[in-house]
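Welcome, and thanks for taking a look at this protein with us. Please have the sequence and the 3D view open as you read on.

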Amino acid sequence: MNRKALAAMRAEIRSLPERRRHPRSPASGAVRLVIDDPQPVLVQGRLVDVSQSGFRASHNSVLETGRELRFEYAARQGTARVVWNRVWGGRIESGFFITG
């Protein structure tokens, strides 16, 4: 894709209406993600932002979209589902929906 087409696509995305139910707030600090399948696997990451219903984290692991896992960060702990992943600046970012 050439630069002009990429710039046009980004402009179109920015013009779309916001679909999130809850506003995001910037966040920082460590987040622990634990996948129980079949043995617990610990993924260490850093918070990027949080909302009432989810959070975004930066980490170095490939997480399967739809996967349920346990999470813990300074203000909250519980279970979440991986909603999306992307490679960003040499790291992986994932969005999580809090399920419990």
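Which two strands form a hairpin, and which turn residue has a positive phi? The hairpin is made by strand 6 and strand 7, and the turn residue is Gly89, with a phi of about 60 degrees. Please keep in mind that this is a predicted model, with a mean pLDDT of 87 for the protein.

**Confidence**
- Of the protein's residues, 85% reach a pLDDT of 70 or more.
- Strand 5, at residues 68-73, has the highest confidence, with a mean of 97.
- Helix 1, covering residues 3-15, has the lowest, with a mean of 66.

**Strand 7 and its partners**
- Strand 7 spans residues 91-98 and is mostly covered, with six of its eight residues buried.
- On the hairpin side, strand 6 (residues 76-88) runs antiparallel to strand 7, and eight bridges join them.
- To find your way along this pairing, look for Ala80, which stands opposite Ile98 of strand 7.
- Two residues lie between strand 6 and strand 7, and Gly89 is in that turn.
- Strand 4 (residues 54-59) also runs antiparallel to strand 7, and six bridges join these two.
- Here a handy pair to locate is Ser58 and its bridge partner in strand 7, Glu93.

**A cis peptide bond**
- The bond from Asp37 to Pro38 is cis, and its omega is near -25 degrees.
- You will find Pro38 in the loop that lies between strand 2 (30-36) and strand 3 (40-50).

Key: Residues are numbered from 1 along each chain as its sequence is written. This is a predicted model: local features need pLDDT of at least 70, side-chain atom pairs count only at pLDDT 80 or more; totals for chains, interfaces and linings use all residues. Side-chain values use heavy atoms; hydrogens and water are left out. pLDDT is the predictor's confidence in each residue, from 0 to 100. Helices (H or I, at least four residues) and strands (E, at least two) are DSSP runs, numbered from the N terminus. Buried means under 20% relative accessible area, exposed over 50%, partly exposed in between (1.4 Å probe, protein chains only). Two strands pair if DSSP finds at least two bridges between them.
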